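User: I would like a close look at a single part of this structure, the surroundings of its bound ligands. Please explain in connected prose what lines those places, and then describe the pocket beside them in the same manner.

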Amino acid sequence: MSEVFDVVIIGGGPGGYNCAIRCGQLGLKAAIIEMRDTLGGTCLNVGCIPSKALLHASEYYHAAQHEFADMGIEVSGLKLDLEKMMAQKADAVKGLTDGVAFLMKKNKVTVYKGKGKIAGKGEVEVTDAEGKVQKLGAKNIVIATGSEPASLPGIEIDEERVVTNTGALSLKEVPKKLVLIGAGVIGLEMGSVWSRLGSEVTVVEFLDHIMPGADSEISKQAKRTFEGQGLNFKLSTKVTGIEKLKTKLKVSTEPAKGGDEETLDADVVIVAIGRKPYTEGLGLETVGVSTDKRGIVETTGHFKTMADGVWAIGDCVKGPMLAHKAEDDGVAVAELIAGKAGHVDYDLVPSVVYTSPEIAWVGKTEEQLKADGIKYKKGKFPFQANSRARTNHQTDGFVKVLADATTDEVLGVHMMGVGVGEMIGEVCVAMEFKAASEDIARTCHAHPTLSEAVRQAAMSVEGWAMQM
Ligand code: FAD
Ligand code: NAI
């Protein structure tokens, strides 16, 4: 007789493990199935965490080379130990994946290692690495299987020279010439890491701008900043093939609209053209759960799939493919299963790009407001006029607040600057409470802090920014 759980979660990423924790807290008997060796999913193993560890370390290296001297700090004999940099990254990953395993124990969640598959109503099978199959009974099944990198037809990934995020986070030496396909979040973060460590980086992007989804004013300024840091962008361009020579790669490109071919030399190519839901071999057909053309698990609202008692969360359902969104989905589903109210407002999921300076936004862009015909007021404040940014010689960027022209409700905030990834949190809280720009403008912010720029931008909505 197979053990019966209130909830069986397939996938141990931020969606799955946070769902499991909340199930445990709510007294539900939960199991989680993960086919990787460690819990934590894409985020902890080959995504958010290792990329941030390399961004942090490479930023120090770059600052020591290029910024310390201006602050009166002389450094001699500076050199890169890539193996050690990778080891500290692995250490951060291990600490956090072990931490998730601990949290499963703490919340009495049973962990199964292996590939999970729905085997019919209320049944899940786990196949471990040796091929042994175990059957579990499930009153509820949560699909939290995440996503995988999208591929380009005709381009073969070997994870050594032509790599996805997985290989890009574990290169054994700094490539002399690096080509990135896609000027999205991975393109900019990984491009920054390897450029700081010495690579000559070219980013090939199909669209005529970088960072699709960002406010266009931010996207334009960010492009200028990143170009100043040494990143080369080839916009409105597509990659048509990669020829693998003995020591080099020849990357063929064409204008997006068609035209003459060009080639770029590279030692390594990173393919970062987006991600697609991962639902392979999951037995969805056994219970009548459907996916759309892009493989996104279809839900009828509030994470319910077409099948009774089968829920889906995180990267494999609609909404931004972000760890904190997956986490919130997971919490909401656990609460719904426990008979509580669970809801996630996808309009208030913040985005952060962890480059230097960082880029962060939440809510509507100017382009979206215009397209929706919403009348808005705009307040802007540059970090050039912020005392802390001036003190730290980190003045690149600005804060932009967009508020409803009639009600003054904050509809979107877009920032580029050092530390804005932390500052976006206050804006999310304000927007959850439907704050007016005046609420932010009249809230006391500590001095001297970078967050004063948010307040000044909010003041600027009504034209009374005081420090510029
Ligand atoms: P995943 O994290 O993908 O987890 C799904 C898990 O399910 C995986 O471990 C997989 O092995 C497992 N699985 C799949 N099928 C089965 C099966 N049949 N049986 C058992 N297990 C299965 N987001 C941010 O918010 N901030 C960031 O800074 C950030 N940085 C990123 C950097 C990179 C390089 C990448 C690639 C992504 C980054 N993301 C970031 C996105 C983030 O990683 C994802 O949005 C997040 O991991 C999604 O969580 P999830 O639980 O839905 O899926
Ligand atoms: P992305 O969607 O951010 O960017 C992909 C880029 O590739 C787009 O600009 C797109 O126009 C371009 N593109 C698509 N096809 C192309 C082609 N054939 N040739 C050239 N360019 C092409 O996806 P990315 O960077 O792969 O990241 C995947 C996802 O992972 C992100 O969307 C995000 O959800 C998540 N992520 C989040 C991070 C964060 O929150 N800081 C960091 C890294 C990833």
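**The surroundings of the ligands**

Analyst: The model is predicted, and the description below should be read with that in mind. The account begins with ligand 1.

In all, 38 residues surround ligand 1, and those that come nearest are Glu34, Thr42, Lys52, Gly116 and Ala323. Several polar atoms of the protein face oxygen atoms of this ligand. A polar backbone atom of Gly15 is 2.9 Å from an oxygen atom of ligand 1, and a polar backbone atom of Leu322 is 3.2 Å from an oxygen atom of the ligand. Arg36 takes part through its side chain, a polar atom of which lies 3.0 Å from an oxygen atom of ligand 1. Taken alone, ligand 1 exposes 1,000 Å², and the protein buries 95% of that area.

Which elements give two or more residues to the shell around ligand 1? They are the helices α1 (14-25), α2 (41-46), α3 (48-66) and α8 (323-337), together with the strands β2 (30-34) and β4 (115-118). Of these, α2 gives the most, with four residues. By chemical character, the shell around ligand 1 divides into 16 nonpolar, 16 polar and six charged residues.

Ligand 2 has its own surroundings. Here 22 residues surround the ligand, and the closest are Glu189, Glu205, Gly274, Met321 and Val352. Two of these closest residues also appear among the polar contacts. A polar side-chain atom of Glu189 lies 2.9 Å from a nitrogen atom of ligand 2, while an N or O atom in the side chain of Glu205 is 2.6 Å from an oxygen atom of ligand 2. The backbone contributes as well: an N or O atom of the backbone of Ile186 lies 2.9 Å from an oxygen atom of ligand 2. Taken alone, ligand 2 exposes 830 Å², of which the protein buries 78%. The element that gives the most to the shell around ligand 2 is α6, with three residues. This shell divides into 15 nonpolar, three polar and four charged residues.

The pocket comes next. The second largest pocket has a volume of about 700 Å³. It is lined by 24 residues, and Glu59, His62, Glu67, Ser356 and Gln394 are the closest to its centre. The elements that give two or more residues to this lining are α3, α6 (185-196) and α7 (216-228). Among them, α3 gives the most, with five residues. Helix α3 is thus named both in the shell around ligand 1 and in the lining of the second largest pocket. The lining residues divide into six nonpolar, 12 polar and six charged.

One residue close to the centre of the pocket, Ser356, also takes part in an unusual backbone feature. A cis peptide bond joins Ser356 and Pro357, with omega of about -5°. In general, most peptide bonds are trans. Pro357 has its place in the loop between β18 (351-353) and β19 (358-363).

A further backbone feature belongs to the loop between β10 (200-204) and α7, where Met211 lies. Met211 has a positive phi of about 50°, although it is not a glycine. Is Met211 buried or exposed? Met211 counts as buried because its relative accessible area is 3%, and buried means under 20%.

Terms used: Residues are numbered from 1 along each chain as its sequence is written. Chains are lettered from A and ligands numbered from 1 in the order in which they are written. This is a predicted model: local features need pLDDT of at least 70, side-chain atom pairs count only at pLDDT 80 or more; totals for chains, interfaces and linings use all residues. Side-chain values use heavy atoms; hydrogens and water are left out. A residue is near a molecule or strand if one of its heavy atoms lies within 4 Å of it. A polar contact is a pair of N or O atoms within 3.5 Å; within protein, one must be able to donate a hydrogen and the other to accept it, and residues adjacent in sequence count only if both atoms are side-chain atoms. Accessible areas come from the Shrake-Rupley method with a 1.4 Å probe; for residues, only the protein chains shown count as cover. Ala, Val, Leu, Ile, Met, Phe, Trp, Tyr, Cys and Pro count as nonpolar, Asp, Glu, Lys and Arg as charged, and the others, Gly among them, as polar. On a 1 Å grid over the protein atoms alone, a cavity is a set of points where a 1.4 Å probe fits but cannot get out, and a pocket is an open set with protein on both sides within 12 Å along at least five of seven lines; lining residues have an atom within 4 Å of a point. Grid points are joined across faces, edges and corners, and a volume is the space filled by probe spheres set on the points. Buried means under 20% relative accessible area, exposed over 50%, partly exposed in between (1.4 Å probe, protein chains only).
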